[in-house]
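Here's a quick briefing to read with the model open beside you. Take the topics in any order you like.

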Amino acid sequence: MRKIFIVCSITALAISGILIYVNWKFIFLLAIFVPLIVMGLYDMFQSKKTIRRNFPLLGRLRYIFESIGPEMRQYFFETDTGGRPFNRLQRSLVYQRSKKESDSHPFGTQLDVYDEGYQWINHSIKAIAFSNIDSNPKIRIGSSQCSKPYMASLFNISAMSFGSLSKNAILALNAGAKQGGFFHNTGEGGLSPYHLQEGGDVVWNIGTGYFSCRDEYGNFSLEHFKPRAQKDNVKMIEIKFSQGAKPGHGGILPKEKVTDEIAAIRLVTKGHDIVSPPKHSAFKTPLELMDFIKVLREGSGGKPIGMKLCVGNKSEFIAICKAMVQTQTYFDFITVDGGEGGTGAAPQEYSDHVGMPLRDALAFVYDCLNGFDLKDQIKIIASGKVISGFDIIRALSMGADVCNSARGMMFALGCIQALECHANTCPTGVATQDPELVKGLVPEEKSVRVARYQHETVKAAMELMASAGIEHPDGVDRDVVSMRIDKTNIKTFSELFPELKKGCLLQPETVPDNLYYAWKKATPESF
């Protein structure tokens, strides 16, 4: 191809020369061929890219096609059910609900109901009229040690930081939360003015970097924490241990997104990637964590204190439960993030192969809390690809009390799943700090869509409950959902995930065999 390129180049120049000699107006050909030939010669002599070196000029097409591959697949080749992480049917459902368009579905399901893993709700002969149930129920979050419990909506905005998301996206999300009466989790990037400006309820997520409440060395600062935690908008505090997309890694904000404003909000310096430490420095053992809970509860004025984790080593969570029992100090809520959760930037191996998936994690966390007789004190919040009414019911059936969604809310903002969250080039202005792109997202318009999407999704979940003969989310149990194991076998979640008996983890003689090793290994003195 190198020889062919040289021959073609000489031929093109020769033909151009002849035509120019005949009529000088053909000189424009040089403006076309000369830059192309120069590019080809550069390709021949550069040494970094073999394809371009062996196929001058033509080899560049490979990189062009590769760069537009995601768009080509999404708009021309992707089937309604084949896209990832969310398929076209799922995205369209969010778009339709956020725009108040019809979300009715014609001609039957496109899913193969005989596929392994297909799931459905077991409806009841004694279904309840939708008009007879509360279409927007509230769930009380707050243990006996919480003096300012919070009444949470069934469906809320999951953790997404300002920095990862644009200021206009944060403003739209919070204004939507205000309109719809649900909460907005800040993500670990700190408590920004945009989380507070619109007056929506806020859950302040505090990660290992202690952004917005850290000293100059990166340690937790009670001095910075108290005035922010006691703001009226801040309803709950969430200690982040890990997230589903990159558990054990720490959050990542590429330096391209770190503006002066973001650095000031997070109390850090700019000019480099902001990478949160993989673990907390404010405590080193489960017992020290209990002391930290007390510090946050007192510093916030008695607001609910929770933790967020993607389940990894089971013994570590059991150790936390043992510490709660030993000290009689309780979390008010636990947010369980599934390994299928999303993020703006994460190493692929972490996204693909680290962390327990949501369904298994919910069952484990619920059973541990029930086994230690702690569940009555603690609410469970589920996060991880929850975008539809069925997703909510499925999470509730595994033990959740409340659900959060991040990417669903992003779709409501206008996200098109361009998969450019990490590159600061998000075309919809959602996950970028580029001022020109951010301008395209109008908070006043998008906030209404966020509120509509949340309202319609909660309504759909409650309709499903009514069809199952259930009046309130508290009544959803593991018998509500069934799953196809193979072509001829079906089991309910109660059969797939048998519940532990209440209090069975308090004494060694009643611990089930499948948890005994992790239970024995767990100690409140160490993670």
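Start with Phe-241, which counts as partly exposed because its relative accessibility is 21%; here buried means under 20% relative accessible area, exposed means over 50%, and partly exposed is in between (1.4 Å probe, protein chains only). Bear in mind that this is a predicted model, so local features need pLDDT of at least 70 and side-chain atom pairs count only at pLDDT 80 or more, while totals for chains, interfaces and linings use all residues. Residues are numbered from 1 along each chain as its sequence is written, and side-chain values use heavy atoms, with hydrogens and water left out.

**Aromatic rings**

- A pair of aromatic rings is described by the distance of the centres and the angle of the planes.
- Rings of Phe, Tyr and Trp (its six-membered ring) pair if their centres lie within 6.5 Å; planes under 30 degrees apart count as stacked, over 60 as edge-to-face and the rest as tilted.
- That rule gives a count of 18 aromatic pairs.
- One of them joins Phe-241 and Phe-527, edge-to-face, at 6.5 Å centre to centre and with 65° between the planes.
- These two partners come from distant parts of the chain, 286 residues apart: Phe-241 sits in the loop between strand S7 (234–240) and strand S8 (252–253), and Phe-527 in the segment after helix H20 (513–521). (Helices, H or I of at least four residues, and strands, E of at least two, are DSSP runs numbered from the N terminus.)
- Phe-527 is partly exposed too, with a relative accessible area of 35%.
- Phe-283 and Phe-292 have ring centres 5.5 Å apart and planes at 40°, so that pair is tilted.
- Both of these rings belong to buried residues: Phe-283 has 3% relative accessibility, and Phe-292 has 5%.
- All four Phe residues turn up in one aromatic cluster, made of Trp-204, Tyr-210, Phe-220, Phe-225, Phe-241, Phe-283, Phe-292 and Phe-527.

**Helices packing on H18**

- Helix H7 (residues 167–180) and helix H18 (residues 443–467) have axes that come within 7 Å and cross at roughly 50°. Axes are lines fitted to C-alpha atoms, for helices over the stretch in contact, and angles run from 0 to 180 degrees between N-to-C directions.
- H7 and H18 are therefore oblique to each other; angles under 35 degrees count as roughly parallel, over 145 as roughly antiparallel, 65 to 115 as roughly perpendicular and the rest as oblique.
- H7 makes a right-handed crossing with H18, meaning the near helix is turned clockwise from the far one by less than a right angle (anticlockwise would be left-handed).
- On the H7 side, the contact (heavy atoms within 4.5 Å) includes Leu-171, Ala-175 and Gly-176, and on the H18 side it includes Pro-443, Val-450 and Gln-454.
- Sorted by class, the contact of H7 with H18 holds eight nonpolar, six polar and one charged residues. Nonpolar covers Ala, Val, Leu, Ile, Met, Phe, Trp, Tyr, Cys and Pro; charged covers Asp, Glu, Lys and Arg; polar covers the others, Gly among them.
- Helix H6 (residues 88–98) packs on H18 as well, at an angle of about 110° and with the axes 7 Å apart, and that makes H6 roughly perpendicular to H18.
- Val-94, Arg-97 and Ser-98 of H6 meet Arg-449, Arg-452, Tyr-453, Glu-456, Thr-457 and Ala-460 of H18.
- The contact of H6 with H18 has three nonpolar, two polar and four charged residues.

**Backbone oddities**

- Most residues other than glycine have a negative phi, and most peptide bonds are trans.
- Asp-373 has a positive phi of about 60° although it is not a glycine; Asp-373 lies in the loop between helix H14 (358–371) and strand S12 (379–383).
- Gln-417 also has a positive phi, near 55°, and is found in the loop between helix H16 (407–413) and helix H17 (435–438).
- Asp-373 is partly exposed at 40% relative accessibility, whereas Gln-417 is buried, at 10%.

**Whole protein**

- The protein has 20 helices and 15 strands.
- Of its 527 residues, 50% are buried.
- The C-alpha trace spans about 95 × 60 × 50 Å along its principal axes.
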